[in-house]
Structures are given as structure tokens and as C-alpha cells.
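Hi,

Here is the structure I promised to pass on. Have a look at it first, and then read my notes below.

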Amino acid sequence: MASLRKASTRFNHLLWQQSPKCTNLSLVNGVKHMSSLETLGFIGLGVQTVNSPADVAAQCKHIITMLPATQHVQEVYTSRGTGIFSAIQENSLLVDSSTIDPAASQEMAAIASEKDSSYVDAPVSGGVNAARDAALTFMVGGAPRSFEMAQKYLSVMGRNVVHCGPVGTGQAAKICNNMLLGISMIGTSEAMNLGKKLGLEPKLLAKILNTSSGRCWSSEVYNPCPGVLDGVPSSNNYEGGFGTALMTKDLGLANNAATVNKSPIPMGSLAHQIYRIMTSSGYAGKDFSSAYQFLQDQEEKS
């Protein structure tokens, strides 16, 4: 959260991340966040609450949203009387860092243009540690001028802010990235589980993988085997991080895009199926690296 607080003192912009446990928006020096104020460290920072996204749009011209899925973005932006578009000011900049259907991003951009404002899709990647260290990667789709405006805000939270092309291409890049991530996490989980069964000490196996051709982000930075790395969800009972339900949603977006574009993704489809099973088997709220724990649970059941 340090990067969010840094952003709030440097820029006047809006960051809104929806939480199913909270219905209010919080305003901190132009930064809004739907979550526990105490958890975010916002107590004592002059927090002011508002009742709807429309109230936010009436007060701020630079807005950053981050929401779980396409339907949440559509609700927050387009709801009659309460959505952002109900009270948007001219020349506003809307930056959406949700991971959603590229077509939905293009729809939001078209509405924003009709209201003399700019919209960019800017999904994010990097994991919990990169978020903590303001080292995230933002994949941005939008007009060049809109990208330049958004870049100065996103660069406070991210080390890499990449312009991918017109609106929707940021989502396309994120969908491809997360499909590969889901596949590699399952593969890493299988390798770590098999190695342990064969008598290898997990830290030793991870060291070998990360100095060999099997090296990947899932093995090196976000290893799914408990105890291999500190500060990652696998060493915290898979709490925090990127939820299995969200990975399932993103793999669904990849499968939908592949179907529309007639692009074969056999591994992506299989990864989606595995994460769907995990979601319906009690893993929805756990970090997606709990694929390792899921494999072990399947062994116990067989």
C-alpha cells in the first residue's frame, strides 16, 4: 500500500478497487478505495466517504478503477444515476486496471468519447510483492495522448508502463500473460509435487529449476510449494495474492477470445478446466498458487 499512499500525495487522482464486503468509496487526497479503511492505513489521512461512483466522477476528473470482472466495470461506469458516466466531467481521464473482455473496454471508451473524455484500459501484472514495491507492469491500451496522461499516474505504482496500442490491446496482452501464467503455475506445482515425492528437498529442487531450463516466474518469484520462499501466499496458507476465482475468470476470457479468433489453445483450455474444478472445490478464495495444494488433496482422495 506504500505505493498508493505515495500516489495520493503526489497526484490528484482516483483509485477505486471494489470489495464485496464494502459498499462505500473512500476519498484520500483524491484517492478512493472500496475496502477496509483501517487495513489500508487510511485512518488519519482525512478520509471522506461518498455514496456512488457518480459522486466520485462529480469530484474528480482523473479516475482509476480496478474491479473483479466485466460486469462490475459495466455497473460502475454505466449504472443509471450512480455510474461514473452519469456525472462525468468534460476532459476527464478514465483508467481502468481491471482484467475484462477487450470488447467491454472498447465499449467504455466509446461512451467516454461521446462525453468528451478519455478512457484507457490498463490491466496490471506483477503479484503482491511487486505491488508492495511499486514495481508492477501496466499494459495500456488507448490513444497516444491518453496514454501519456495515464502514464504519469501509473508510473508511481509500476516500473513498466507499456503502450500496447488502441483501447482493448492492454486487455489482450493481459489475457495472454495470464493464460501463460496459469499454465506455468500448474506445471510448476506438478514439478514441485513430483520432486518432493521422489525425495528431493523443495528448496533444493527450486534452486535447480531456477538455474536450469525449467526456470519461470512461478518457480522463481512465486513458488507454490510452502516454505520455499518467504513473503508469498504459499508460505501463508495461500492467503492474499491473486485469487483462484480471478485466475479462472481470466482463463475464461482467454478461452472466449481463442474461440472467437479460432486460435487453438489446448494447454490454456486444460488450465481453465483445472482452475474451474479448484474454484468449485473450495479454492476460490485462495491464491492461484494453491494448485500445488490441490494436487496434494487429489492424491489423498485417490
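**Charged pairs**

Glu299 and Lys197 form a salt bridge through their side chains, at 2.8 Å from N to O. This pair ties together distant parts of the chain: Glu299 belongs to helix H14 (residues 291-301) and Lys197 to helix H9, with their positions 102 residues apart. Glu299 has a relative accessible area of 31%, so it counts as partly exposed. Lys197 comes out at 58% relative accessibility and therefore counts as exposed. Before going further, keep in mind that this is a predicted model.

How many salt bridges does a search of the whole structure find? The answer is five, and the Glu299-Lys197 pair has already been described. As general background, side chains of opposite charge can pair when their charged atoms come close.

Another of these pairs is Glu148 with Arg145, where the closest N and O atoms are 3.7 Å apart. Why are Glu148 and Arg145 separated by about one helical turn? Because they are three residues apart in helix H8 (residues 144-157). Glu148 is partly exposed because its relative accessible area is 46%, while Arg145, with 56%, is exposed.

Arg132 and Asp133 also meet in a salt bridge through their side chains, at 2.9 Å from N to O. Arg132 has a relative accessible area of 48%, which makes it partly exposed. Asp133 is partly exposed too, with a relative accessible area of 44%.

**Helix H9 and what follows it**

Back to the helix that carries Lys197. H9 has 29 residues, which at 1.5 Å a residue should span 42 Å; the expected value takes one less than the number of residues. The C-alpha atoms at its ends are 42 Å apart, so the model agrees with the expectation.

Asn178 sits in H9, which covers residues 169-197. Is Asn178 buried or exposed? Its relative accessibility is 3%, and since the cut-off for buried is under 20%, Asn178 counts as buried. The side chain of Asn178 makes a polar contact of 3.0 Å with the side chain of Asn177. If you set aside neighbours within four places in sequence, Asn178 is in contact with Phe242, Met247, Asp250 and Leu251.

Just after H9, Gly199 has a positive phi of about 95°. A little further along, Leu200, Leu204 and Ile208 make a nonpolar surface patch of about 240 Å². Leu204 is in helix H10 (residues 202-209), and with 42% relative accessibility it counts as partly exposed.

**Two buried strand residues**

Met139 is in strand E9 (residues 136-141). Its relative accessibility of 8% is why Met139 counts as buried. Which residues does Met139 touch, not counting residues up to four places away in sequence? They are Asp121, Ala122, Pro123, Val124, Ser125, Val162, Cys164, Gly170, Ala173 and Lys174. For one of these, Ala122, there is also a backbone distance: the C-alpha atoms of Met139 and Ala122 are separated by 5.2 Å, although the two residues are 17 apart along the chain.

Thr65 is the other one to look at, and it lies in strand E5 (residues 62-66). Thr65 has a relative accessible area of 0%, so it is buried. The Thr65 side chain is joined to that of Tyr77 by a polar contact of 2.7 Å.

**The whole protein**

Finally, some overall numbers. The protein has 14 helices and 10 strands. It has 302 residues, and 47% of them count as buried. Asn178, Met139 and Thr65 are examples of buried residues.

For the contacts with a separation of 6 or more, 60% are between residues 24 or more positions apart. The protein exposes about 14100 Å², and 53% of that is supplied by carbon and sulfur atoms.

If you open the model in a viewer, Glu299 and Lys197 make a handy starting point, as their salt bridge joins helix H14 to helix H9. From there you can follow H9 back to Asn178, then go on to Met139 in strand E9 and Thr65 in strand E5.

Cheers

Note on methods. Residues are numbered from 1 along each chain as its sequence is written. This is a predicted model: local features need pLDDT of at least 70, side-chain atom pairs count only at pLDDT 80 or more; totals for chains, interfaces and linings use all residues. Side-chain values use heavy atoms; hydrogens and water are left out. Helices (H or I, at least four residues) and strands (E, at least two) are DSSP runs, numbered from the N terminus. Buried means under 20% relative accessible area, exposed over 50%, partly exposed in between (1.4 Å probe, protein chains only). A polar contact is a pair of N or O atoms within 3.5 Å; within protein, one must be able to donate a hydrogen and the other to accept it, and residues adjacent in sequence count only if both atoms are side-chain atoms. Contact means heavy atoms within 4.5 Å. Patches are made of residues with over 30% relative accessible area and no salt bridge: like charges are joined within 9 Å, nonpolar side chains (Val, Leu, Ile, Met, Phe, Trp, Tyr) within 5 Å. Accessible areas come from the Shrake-Rupley method with a 1.4 Å probe; for residues, only the protein chains shown count as cover. A salt bridge is a side-chain nitrogen of Lys or Arg within 4 Å of a carboxyl oxygen of Asp or Glu.
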